[in-house]
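Trainee: I've got the model open and a few questions about it. Can we go through them one at a time?

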Amino acid sequence: MKILKLNNISKDYNVSGGFLQPNKKLKALSNITLEIQKGETLAVVGESGCGKSTLARIITMIENPTQGEIFLHGQSISSLGMSKKNRTAIQIVFQDPYGSLNPRQKIGDILEEPLIINQIHLGKIEIEKKARSMLEKVGLLPEHYDRYPHMFSGGQRQRIAIARALMLNPEIVVLDEPVSALDLSIQSQILNLLADLQNQFQLTYLFISHDLSIVRHFADRVMVMYLGQIVEEGSIDQVFQNPKHPYTKALLSATPIADPSIKKERIRLTGEIPSPLNPPSGCSFHNRCWLAQDICKIEKPLLTKEDHRSSCHFPLSK
Ligand code: SF4
């Protein structure tokens with residue numbers, strides 16, 4: 001069942017052009033169309049600056065899109081406005097477990113704050129009970145309720161951030177690089193916890209990551225972004241076993257694989273990522289693509305509409 005749909009979402013920012021110069025437009029997202037099914041994990045990958053975090057802020061309604069519409073259960077969020085139901089249905093867990101918790105608040109207050117801000121009508125005792133029980137669900141202890149963030153490790157703080165996101169009983173959780181600030185040994189514990197919570201609460205995840213080896217094991221589908229656009233999307237098997245876009249192939253070639261018997265050639269991309277203030281004509285990847293032809297510099301490739309979609313004039317095949 002489709003739970004979330006983004007239709008043609010774009011996000012531009014006005015950037016000062018300098019003294020006596022006109023303002024410029026930074027195109028952070030261009031024509032993003034996607035659907036997420038209930039209970040699945042859709043990973044979003046790409047290099048830094050590709051628009052992943054802007055997408056997270058738009059989906060969680062921290063920012064409004066410049067263009068396009070978002071549908072939750074088939075109803076337009078933009079036309080309904082920021083109703084309480086919309087605000088609570090989609091929550092976010094940020095990357096940095098140190099920066100995302102207020103050091104002056106006790107854990108209990110941190111967990112209860114979203115309920116108070118969103119005017120959830122529960123008595124004080126019920127709210128406290130819910131917070132203590134949520135601490136247990138994320139692998140902490142009810143007595144941690146009265147402690148402060150500095151008394152916890154990075155992994156424990158991320159558990160607290162996850163507990164806070166779940167206090168409003170969301171349907172969708174945006175996980176913005178949720179383990180990249182943690183030690184390797186802790187990463188798998190947090191990923192296992194997220195998988196358990198997804199089963200327990202029937203959660204839908206949008207999992208933003210730069211780490212394809214984690215994505216491969218954690219997600220059901222993956223969407224690859226480059227310069228604010230979708231260049232490929234499909235199931236994990238489709239994209240990892242048969243990448244169609246040269247950019248995806250290059251990203252995958254740089255991902256370590258556990259099996260030493262499998263040899264793969266590393267594709268080293270040359271050239272800089274173009275500025276989103278001045279995106280290239282035609283295919284935005286053409287200045288770094290080893291398969292580029294003349295048409296790639298002139299004509300923008302369209303994203304195909306099939307199940308495993310990509311945008312390339314010369315898609316790869318197995
Ligand atoms: Fe490369 Fe051309 Fe495909 Fe762009 S459209 S990825 S430049 S082959």
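Trainee: Let's start with C296: is it buried or exposed?

Mentor: Keep in mind that this is a predicted model. Buried means under 20% relative accessible area, and C296 comes out at 7%. So C296 is buried.

Trainee: Which cavity lining does C296 belong to?

Mentor: The search of the whole structure turns up 1 cavity of 30 Å³ or more, with about 90 Å³ of space in it. C296 is on its lining list, along with C283, C289 and C312, among others. So the one you want is the lining of the largest cavity.

Trainee: How many charged residues are in that lining of the largest cavity?

Mentor: The lining includes H245, P246, L291 and F314. By class, it splits into 9 nonpolar and 3 polar residues, which leaves the charged count at none.

Trainee: With those cysteines around, how many disulfides does the structure hold?

Mentor: A disulfide is a covalent bond between the sulfur atoms of two cysteines. Take C50, which is buried at a relative accessible area of 4%. Its closest cysteine sulfur is in C283, and at 15 Å that is too far for a bond, because a disulfide needs the sulfurs within 2.5 Å. For the structure as a whole, the disulfide count is 0.

Trainee: On to the largest pocket: where does it lie relative to domain 1 and domain 2?

Mentor: The largest pocket has a volume of about 700 Å³ and 28 lining residues, with N31, T33, L303, T304 and R309 nearest its centre. Domain 1 (2-219) and domain 2 (229-318) both give residues to that lining, so the pocket lies between them.

Trainee: Which strand gives the most to the lining of the largest pocket?

Mentor: β1 (2-15), β2 (24-37) and β10 (229-235) each supply at least two residues. The lining as a whole divides into 7 nonpolar, 11 polar and 10 charged. The top contributor, with 6 residues, is β2.

Trainee: Which strands stand at the edges of the open sheet of 7 strands?

Mentor: The sheet has mixed pairing and runs in the order β6-β7-β8-β3-β9-β10-β11. An edge strand has a single partner, so one side of it is left without a neighbour in the sheet. That picks out β6 (90-93) and β11 (309-310).

Trainee: And what is the bridge partner of Q91 in β7?

Mentor: β6 and β7 (residues 172-176) run parallel, joined by 4 bridges. For Q91, the partner in β7 is V173.

Note on methods
Residues are numbered from 1 along each chain as its sequence is written. This is a predicted model: local features need pLDDT of at least 70, side-chain atom pairs count only at pLDDT 80 or more; totals for chains, interfaces and linings use all residues. Side-chain values use heavy atoms; hydrogens and water are left out. On a 1 Å grid over the protein atoms alone, a cavity is a set of points where a 1.4 Å probe fits but cannot get out, and a pocket is an open set with protein on both sides within 12 Å along at least five of seven lines; lining residues have an atom within 4 Å of a point. Grid points are joined across faces, edges and corners, and a volume is the space filled by probe spheres set on the points. Ala, Val, Leu, Ile, Met, Phe, Trp, Tyr, Cys and Pro count as nonpolar, Asp, Glu, Lys and Arg as charged, and the others, Gly among them, as polar. Domain bounds come from an automatic or database domain assignment. Buried means under 20% relative accessible area, exposed over 50%, partly exposed in between (1.4 Å probe, protein chains only). Two strands pair if DSSP finds at least two bridges between them.
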